[in-house]
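Here are my notes for you to read alongside the model. Keep the viewer open and look up each residue as you go.

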Amino acid sequence: MRKLFLIFFSLALAFTMNAQTKASLGLIPVPMKSKVTAGQFVFDADTKVVLTTDNQEMRNAVVTLVDLFNTAAGYSLQLSTAPQKSNAVVCKLNPSISNNEGYKLSIKKNLIEIEAKAPNGIFYALQSVRQLLPPEIEKSKKVENVTWAVPCAEIEDAPRFTYRGLMLDCCRHFWPKEFVKQFIDLLAYHKMNKFHWHLTDDQGWRIEIKKYPKLTEVGGFRNRTLKGAYVAPEKRQWINERYGGFYTQEDIKEVVAYAQKRFITIIPEIEMPGHAVAALTAYPNLSCTGGPFEVEGLWGVFDDIFCTRDEVFNFMEGVLTEVIALFPSEYIHVGGDEAPKTRWHRCAACQDRMKKEGLKDEHELQSYFVQRMEKFINSKGKRIIGWDEILEGGLAPNATVMAWRGEKHGIEAVQQNHDVVMAPNTYVYLDYYQSKSKMEPHGIGGYLPLWHVYSFEPVPASLTPDQEKHVLGAQGNLWTEYVLSTDHVMYMVYPRASAIAEIGWSSKENKNYDHFYARLMQLLKRYNAMNLNYNRTFLSEDRTTK
């Protein structure tokens with residue numbers, strides 16, 4: 001009897017999912033409003049993409065879809081500025097649409113019409129069209145003389161949050177420039193708009209700074225790397241090979257331009273005052289002890305951090321001047337996390353700094369460090385964002401907080417009238433295990449299955465309506481201590497990042513895990529066409545225990 005019940009339940013669930021998928025068009029993130037109508041629009045070699053406003057941003061908005069057709073269909077959709085009454089995708093700017101990233105998408109049998117306040121809204125509408133096309137649109141192999149259709153529908157959509165991002169750690173393991181572009185492509189595909197690029201840490205300095213060439217010449221490479229688990233020193237095994245790499249400033253410019261065409265803002269992270277061993281190996285005079293140091297091949301938190309002498313601040317200003325020139329982002333991420341005060345406590349220069357500035361302890365000294373750098377960054381027309389440890393000792397006046405140690409730190413920042421991006425490790429740290437299977441590759445620990453990621457609500461229930469406005473959005477983070485290849489990166493990120501995308505874009509009322517799961521089954525077909533190495537363990541998860 002129990003077996004019969006389970007079979008009936010499974011069939012009923014499958015039927016429900018299929019119905020929900022059809023009704024919602026299978027889109028991830030789920031739109032604010034959508035309605036399926038009768039018929040379909042058919043793309044062919046004569047289909048035009050019409051720009052009623054012709055400028056570079058509008059061309060950026062449409063070029064991804066045009067290029068996909070050129071690659072997979074064997075023909076390119078032709079751009080036009082002339083009015084078309086049929087067989088066209090008409091893209092129009094409409095200032096009356098309230099949300100800067102919102103759009104209206106009307107798919108009829110003979111015409112697709114898109115309206116948006118800005119070009120990025122056009123881009124997001126076309127990502128929806130892309131998801132409605134057959135999965136073959138994502139393949140790199142041409143299919144000659146193909147015609148592809150999308151269902152007729154009416155969609156009105158806009159994101160819930162202005163900040164929707166992912167962070168990629170390129171320090172513990174270095175990822176080639178072309179892979180970073182692929183990572184950005186997938187963010188854009190899921191309607192995310194922020195790429196947090198973690199560029200400096202104890203295990204490697206990854207961004208060229210022309211004023212300080214040793215940062216990459218010396219700090220960009222390590223002589224050994226921990227092999228396997230983090231265990232007691234006497235049990236550790238090592239890969240005794242030179243490892244590293246860095247991005248030249250030309251590489252950075254190329255990636256930034258690539259991201260801009262996909263309406264992705266890149267936020268660079270330059271760690272301070274901690275996670276600095278790679279920099280100190282290159283320039284030991286910036287430490288409290290003078291070294292010597294070596295770029296770390298071990299994971300963790302280390303006592304050696306930047307000193308607080310004027311020499312260090314001059315160095316940081318030189319670094320940041322070049323970083324700011326490379327990145328058009330409003331924000332520069334200054335890290336601020338996991339900075340032990342051991343060296344400062346014993347450093348005469350740091351203790352003198354505390355006395356001179358009237359600081360009661362080393363936590364206030366860190367606040368002084370961050371606030372001094374904030375003044376410099378603000379003077380360049382930028383703002384700082386940092387991990388929630390920057391709250392300790394007093395928050396810099398204009399700082400935005402990235403809350404990673406739980407929502408309580410986000411609440412604390414909001415209560416001080418500061419903006420916050422919610423990125424708690426308990427929900428969105430993508431280096432955590434996705435299942436309890438013994439077949440999972442070795443990782444840092446933790447357990448974060450897909451359903452648990454999806455359950456994340458970025459706005460704490462205790463906030464007032466006015467305080468809620470300070471929650472800019474959410475971000476998922478991939479630290480790469482135990483991530484050894486580009487395929488492994490994608491395995492850890494997807495499909496959990498699709499859940500984070502829906503958390504950041506879709507309204508709270510439209511969120512439902514069963515509905516999401518059903519739509520994800522359609523999205524997986526597209527991942528397959530992309531040859532994306534996503535994790536599949538969630539397919540056998542016991543969702544009744546969530």
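1. Let's start with charges. This is a predicted model, and 27 salt bridges turn up in it. A few of them deserve a look one by one.

2. Begin with Glu457 and Arg160, which form a salt bridge whose closest N and O atoms are 2.9 Å apart. The pair links distant parts of the chain, with the two positions 297 residues apart. Glu457 sits in the loop between helix 14 (450-454) and helix 15 (465-468), while Arg160 belongs to the loop between strand 7 (148-157) and strand 8 (163-169). Are these two buried or exposed? Neither, quite: Glu457 has a relative accessibility of 21%, so it counts as partly exposed. Arg160 is partly exposed too, at 30%.

3. Next, find Glu311 and Arg309, another salt bridge, with the closest N and O atoms 2.9 Å apart. Glu311 is partly exposed because its relative accessible area is 36%, and Arg309, at 24%, is also partly exposed.

4. Asp466 and Lys469 make a salt bridge as well, at 3.7 Å from N to O. Here both Asp466 and Lys469 are exposed. Salt bridges can also share partners: that is how Lys177, Glu178, Lys181, Asp251 and Glu254 end up in one network.

5. Now for helix 10, residues 348-357. Which of its residues are buried? They are Cys350, Arg353 and Met354. These three cover an arc of only 100 degrees around the axis, so they lie on the same side of helix 10. The spacing helps you see it: an α-helix has 3.6 residues a turn, so residues three or four places apart point the same way. Turn to the other side of helix 10 and you'll find Ala348, Lys355 and Lys356 exposed.

6. What do the buried residues of helix 10 pack against? Their partners are helix 8 (310-326), helix 9 (342-346) and helix 11 (362-379). Right after helix 10 comes Gly358, with a positive phi near 70 degrees.

7. Last, the greasy inside. The largest nonpolar core has 174 residues, and Phe43, Trp197, Phe306 and Tyr494 have the most contacts inside it. Take Phe306 as an example: leaving aside neighbours within four places in sequence, its contacts include Met272, Pro273, Leu280, Val312, Phe315, Trp344 and Phe369. Apart from the largest core lies another one, of six residues, including Leu226, Leu298, Trp299 and Tyr482.

Terms used
Residues numbered from 1 in each chain as written. Predicted model: local features only at pLDDT ≥ 70, side-chain atom pairs only at ≥ 80, totals over all residues. Heavy atoms only, no water. Core = buried A, V, L, I, M, F, W, Y, C linked by side-chain atoms within 4.5 Å. Buried < 20%, exposed > 50% of the residue type's maximum accessible area, 1.4 Å probe, protein only. Contact = heavy atoms within 4.5 Å. Helix = DSSP H or I, 4+ residues; strand = E, 2+ residues; numbered from the N terminus. Arc of directions from axis to C-beta. Salt bridge = Lys/Arg side-chain N within 4 Å of Asp/Glu carboxyl O.
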